[in-house]
Amino acid sequence: MTFAVLFPGQGSQAVGMGADVFDARPDLLGEAADEVLGWSLRSICLQGPEEELTRTDRAQPALYAVAYAIWDELRARLTAQPSGAAGHSLGEYTALAASGALSYLDGLRLVAARGAAMADAAAREPSTMAALIGADLPSAEALVAERRADGGRLWVANINAPGQIVVAGGVEDVEWAAGVGRERGIRRVVPLKVAGAFHSPYMASAAEALSAAVADTVFGEPGFAVYANATGTAYDGQVGPTLVDQLTSPVRFAESLAAMAASGVTTFVHVGPGDVTAGLARRSVEGAEIYVVSGIDDIDAVAGALAAD
């Protein structure tokens, strides 16, 4: 069986997430994590309130920590390691930590710095994102090019799956896209409830801040292939610079899934809160087997299925 693990990004957080793993893995989710973060991970994840957990500087480290703890529990029950891994945006850090290219606590420090930098960049100037439902990449690129040619600020930010592309830019630019989308051949333009225009030039100041944190981090060789959002291909060195580039580059998640499938991956396992990456894999790779491990209760059945295959 050739399988890959996928890790979720911001937006998959929910109050109560990880309740089972907080008790099972205090070594990962207890005092050591709180010391890095300067706030109680358990309290924010299990008690919220939702508006606190949704904050970019809270949601990102919370999702990273919980998803990694679930992965570590799954890893202990696997009979073979994955042949590849990818994460959506923030989830790329979890994938790197899962592969051994980054220690868990170093990853938590980086994600905390990333979340704070992105929150600060978003607060500097109003910006947002929207999903283009039913759009292919050429249509999306034509739409944003048209707006920029007219002096606007709009970019492709996420290439998630066939028919699902996200754009990012100024509030007025995204509103313009929503207004003209249908006449440009896009079925629907859905504004997203996000703090800013992530994965676009609006995040330039965040990338600059993150580069300092990356420079102080030691990266090792991954134990299995990890696919980078910024390139859609497996890392071959240059982890730190690529993570910095990720903040202002489109998330090429569909391309990563296609590259993994081309390498022989036939099964994808979403690991962490929610099931978003499972849905993207299902839409992107025809015929793939898809599993979801969103908590400890899912682990035995999925590990057994992977071993049987």
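Here a biologist and a modeller talk through one predicted model.

Biologist: What should I know before we start?
Modeller: This is a predicted model, where local features need pLDDT of at least 70, side-chain atom pairs count only at pLDDT 80 or more, and totals for chains, interfaces and linings use all residues. Residues are numbered from 1 along each chain as its sequence is written, and side-chain values use heavy atoms, with hydrogens and water left out.

Biologist: In what order do the four strands of the open sheet lie?
Modeller: Strands (E, at least two residues) and helices (H or I, at least four) are DSSP runs numbered from the N terminus, and two strands pair if DSSP finds at least two bridges between them. The pairing in this sheet is antiparallel. Read across, the order is β4-β5-β3-β6.

Biologist: Why is one side of β4 and of β6 left without a neighbour in the sheet?
Modeller: Look at β4 (154-161) and β6 (188-191) in the sheet. One side of each is free because each has a single partner strand and stands at the edge.

Biologist: Which residue of β6 stands opposite A130?
Modeller: Strand β3 (residues 127-135) pairs with β6 in the antiparallel sense, over four bridges. Opposite A130 in β6 stands P191.

Biologist: Is I133 buried or exposed?
Modeller: I133 is found in strand β3. Buried means under 20% relative accessible area, exposed over 50%, and partly exposed in between, with a 1.4 Å probe and protein chains only. At 15% relative accessibility, I133 counts as buried.

Biologist: How far apart in space are I133 and I186?
Modeller: Contact means heavy atoms within 4.5 Å, and I133 has contacts beyond its neighbours within four places in sequence, I186 being one of them. The two residues are 53 apart in sequence. From C-alpha to C-alpha, their distance in space is 6.7 Å.

Biologist: Which helices do the buried residues of α12 pack against?
Modeller: Helix α12 (residues 239-246) has six of its eight residues buried, so it is largely enclosed by the rest of the structure. Those buried residues are V239, G240, T242, L243, V244 and Q246. They pack against α7 (91-99), α8 and α11 (204-215).

Biologist: How many residues of the lining of the largest pocket are charged?
Modeller: Asp, Glu, Lys and Arg count as charged; Ala, Val, Leu, Ile, Met, Phe, Trp, Tyr, Cys and Pro as nonpolar; and the others, Gly among them, as polar. The lining includes 13 nonpolar and 15 polar residues. The charged ones number two.
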